[in-house]
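Work through the exercises below with the model open. Try each task before reading its solution.

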Amino acid sequence: MKLSNKKLLLFCLLCVALMGSCAQTPPYGEGINIVVSPHKLNVHSGSEDTLFVKVLDKQGGSVFGMKVGATSTSPTAATVTPEALTDVAGNATFMVKGISPGTTNIIISAMGYKATVEVVFLGH
């Protein structure tokens, strides 16, 4: 079967477009790094504080548009925003709200990788 020049050109353009889009896909499956700040929170119950998260690829570059989850190991002590997307700089923020005095861990996760922050809530 012989392709006309027009069909051949369309076929080549399609191949180049597909190869270009695949080449730009970052290798997230090879490893990411989750950096959380601060490493420990001390907050009074009833108040809110912010956790700052940065997601980096294995080369240290920022990861854009990554869904990042957060859970509290003791939601009776504190709750946290359940998820956020990273911005262009790889940053996401989470609000931690003190419910009652006690200690909990906030677990930040993305693509199967995790980071933990200890949160201690004090009485009023």
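**Exercise 1. State the accessible surface of the protein chain and the share that belongs to carbon and sulfur atoms.**

Solution. The model is predicted. The accessible surface of its protein chain comes to about 7700 Å². Carbon and sulfur atoms hold 62% of that area. Now turn to burial: of the 124 residues, 31% are buried.

**Exercise 2. Write down the secondary structure pattern of the protein chain.**

Solution. Count the elements: one helix and nine strands. Then read along the sequence, which gives α-β-β-β-β-β-β-β-β-β. Next, check the contacts with a separation of 6 or more: 54% of them are between residues 24 or more positions apart.

**Exercise 3. Find the order of the four strands in the open sheet.**

Solution. Start with S7, residues 91–98.
- Strand S3 (residues 48–57) runs antiparallel to S7, joined by seven bridges. Here Asp 49 has Val 96 of S7 as its bridge partner.
- Strand S5 (residues 78–80) also pairs with S7 in the antiparallel sense, over three bridges. Here Val 80 stands opposite Val 96.

The order is S1-S3-S7-S5, with antiparallel pairing. S1 (32–37) and S5 are the edge strands, each pairing on one side only. From one strand to the next, the twist averages 25°.

**Exercise 4. Sort the side chains of S7 by face: which are buried and which are not?**

Solution. Apply the general rule first: in a regular strand, side chains alternate between the two faces of the sheet. Then assign the residues. Ala 92, Phe 94, Val 96 and Gly 98 point to one face and are buried. Asn 91, Thr 93, Met 95 and Lys 97 point to the other face and are not buried.

**Exercise 5. Locate the two salt bridges and classify the accessibility of their residues.**

Solution. Take the pairs in turn, using the 4 Å limit between side-chain nitrogen and carboxyl oxygen.

Lys 40 and Glu 118 meet at 3.8 Å, N to O. This pair links distant parts of the chain: Lys 40 lies in strand S2 (residues 40–44) and Glu 118 in strand S9 (residues 113–122), 78 residues apart. Lys 40 is partly exposed because its relative accessibility is 44%. Glu 118, at 32%, is partly exposed too.

Lys 67 and Glu 83 meet at 3.4 Å, N to O. Lys 67 is in strand S4 (residues 67–72) and Glu 83 in strand S6 (residues 83–85), 16 residues apart. The cut-off for exposed is over 50%. Lys 67 has 52% relative accessibility, so it counts as exposed. Glu 83 has 46%, so it is partly exposed.

Notes
Residues are numbered from 1 along each chain as its sequence is written. This is a predicted model: local features need pLDDT of at least 70, side-chain atom pairs count only at pLDDT 80 or more; totals for chains, interfaces and linings use all residues. Side-chain values use heavy atoms; hydrogens and water are left out. Helices (H or I, at least four residues) and strands (E, at least two) are DSSP runs, numbered from the N terminus. Buried means under 20% relative accessible area, exposed over 50%, partly exposed in between (1.4 Å probe, protein chains only). Contact means heavy atoms within 4.5 Å. Accessible areas come from the Shrake-Rupley method with a 1.4 Å probe; for residues, only the protein chains shown count as cover. Two strands pair if DSSP finds at least two bridges between them. Axes are lines fitted to C-alpha atoms, for helices over the stretch in contact, and angles run from 0 to 180 degrees between N-to-C directions.
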